Amino acid sequence: MKIGIIGCGTIGREIATAIDKGTIEMELIGLCDIVPSQAESLKKDLKNFSPAVLEKEKLVEICDLVAESASKDVVPELLGLCIEKGCDILIMSMGGLLGQGDLIKQAQKKIAIYRPSGALAGLDAIKAANIANIKSVRLTTTKPPKGLEGAPYIKEHGVTLKDIKEKKTIFEGSASGAIKGFPKNVNVAALLSLAALGPEKTQVTIVVDPDATRNCHEVEIEGDFGRITTRTENFPSPNNPKTSYLASLSAIATLKTITSSLKIGT
Ligand SMILES: NC(=O)c1ccc[n+]([C@@H]2O[C@H](COP(=O)([O-])OP(=O)(O)OC[C@H]3O[C@@H](n4cnc5c(N)ncnc54)[C@H](O)[C@@H]3O)[C@@H](O)[C@H]2O)c1
């Protein structure tokens, strides 16, 4: 299977390295980044592949599958290109899929859209639970101040992260509000929404903890099946404190599953 990567930062680099090491049995034929030097520098670090550095239009044309690890803003256009060219897509910037119901319908029977579990645990059970009735979904995300830096909500509400000296809730509302206010920080909120009740009915609380060293996600779900509570304590990636290491690993695990005959989990 020929794969290309769009977005050669923290997650894109981890995916490329896993392909280079043979953890994922795919052929890495192309890289794309809005900052071409990012793609060139990643290419230089690979030992077993020499992917071409291309624009996304060309990449989608020559690949069987593209892995998006760039930005939610690129997702709608990229998904449209993939549908047109018959190229499967793995999407990490989950917020980019919200409100794209028409494109997702168009993709049906044409291409596969893979949405890894990212930094979240329990999505297998949530998918199963959603076959029956789910009554409520609540996500509480706790991050160190660095994990929320630069979020539009922080700027708009005049929150000074460095002045927060003890654990403090800074946002409570719907997943759609959380994604708007923290587009690079709460991909898990978008993913949970897409997996169950949608962005308006999924409740999100965001907490800043100056003593935290991990990005923590707690999920509570109630429905016909009973109740699920999960808690994931993620180490932030050393290269990008907004991104949990588990998110990269989940993309790699999804790509491994695509090429494997043994598929575990719902
Ligand atoms: N699903 C999850 O659980 C989860 C977890 C963490 C991060 N993410 C998301 O995955 C994406 C990548 O995260 P990261 O930590 O690797 O980010 P990063 O900032 O380390 O890397 C992103 C790379 O994409 C490039 N880029 C940005 N916009 C682009 C565009 N329009 N076209 C091509 N390249 C572009 C940047 O130049 C950069 O090299 C982000 O959108 C992030 O919010 C998802």
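Me: What makes the pair formed by Met92 and the ligand a polar contact?
Reply: A polar contact is a pair of N or O atoms within 3.5 Å; within protein, one must be able to donate a hydrogen and the other to accept it, and residues adjacent in sequence count only if both atoms are side-chain atoms. A polar backbone atom of Met92 lies 3.0 Å from a nitrogen atom of the ligand, so the pair is within the 3.5 Å limit. The structure is a predicted model, where local features need pLDDT of at least 70 and side-chain atom pairs pLDDT 80 or more, while totals for chains, interfaces and linings use all residues. Residues are numbered from 1 along each chain as its sequence is written, and side-chain values use heavy atoms, without hydrogens and water.

Me: Which atoms of the ligand pair with the backbone of Ile11 and of Ile34?
Reply: For Ile11, a backbone N or O atom is 2.8 Å from an oxygen atom of the ligand. For Ile34, a backbone N or O atom is 3.0 Å from a nitrogen atom of the ligand. The protein covers 83% of the 860 Å² of accessible area (Shrake-Rupley method, 1.4 Å probe) that the ligand has on its own.

Me: Why is Lys109 called exposed?
Reply: Exposed means over 50% relative accessible area, buried under 20%, and partly exposed in between, with a 1.4 Å probe and protein chains only. Lys109 has 85%, so Lys109 is exposed. Lys109 sits in the loop between helix H5 (101-107) and strand S6 (113-114); helices (H or I, at least four residues) and strands (E, at least two) are DSSP runs, numbered from the N terminus.

Me: Why does Ala253 belong to its accessibility class?
Reply: Ala253 has 39% relative accessibility, so Ala253 counts as partly exposed. This residue is in helix H10.

Me: What makes Phe235 exposed, and which patch does Phe235 join?
Reply: Phe235 counts as exposed because its relative accessibility is 51%. Phe235, Tyr245, Leu246 and Leu249 form a nonpolar patch on the surface, with about 360 Å² of accessible area together. Patches are made of residues with over 30% relative accessible area and no salt bridge (a side-chain nitrogen of Lys or Arg within 4 Å of a carboxyl oxygen of Asp or Glu). Like charges are joined within 9 Å, and nonpolar side chains (Val, Leu, Ile, Met, Phe, Trp, Tyr) within 5 Å.

Me: What makes a set of residues a nonpolar core, and which element supplies the largest share here?
Reply: The members are buried Ala, Val, Leu, Ile, Met, Phe, Trp, Tyr and Cys residues joined through side-chain atoms within 4.5 Å. The largest such core has 36 residues, and Leu120 and Phe182 are among those that touch the most other members. H9 supplies the largest share of this core, 6 residues.
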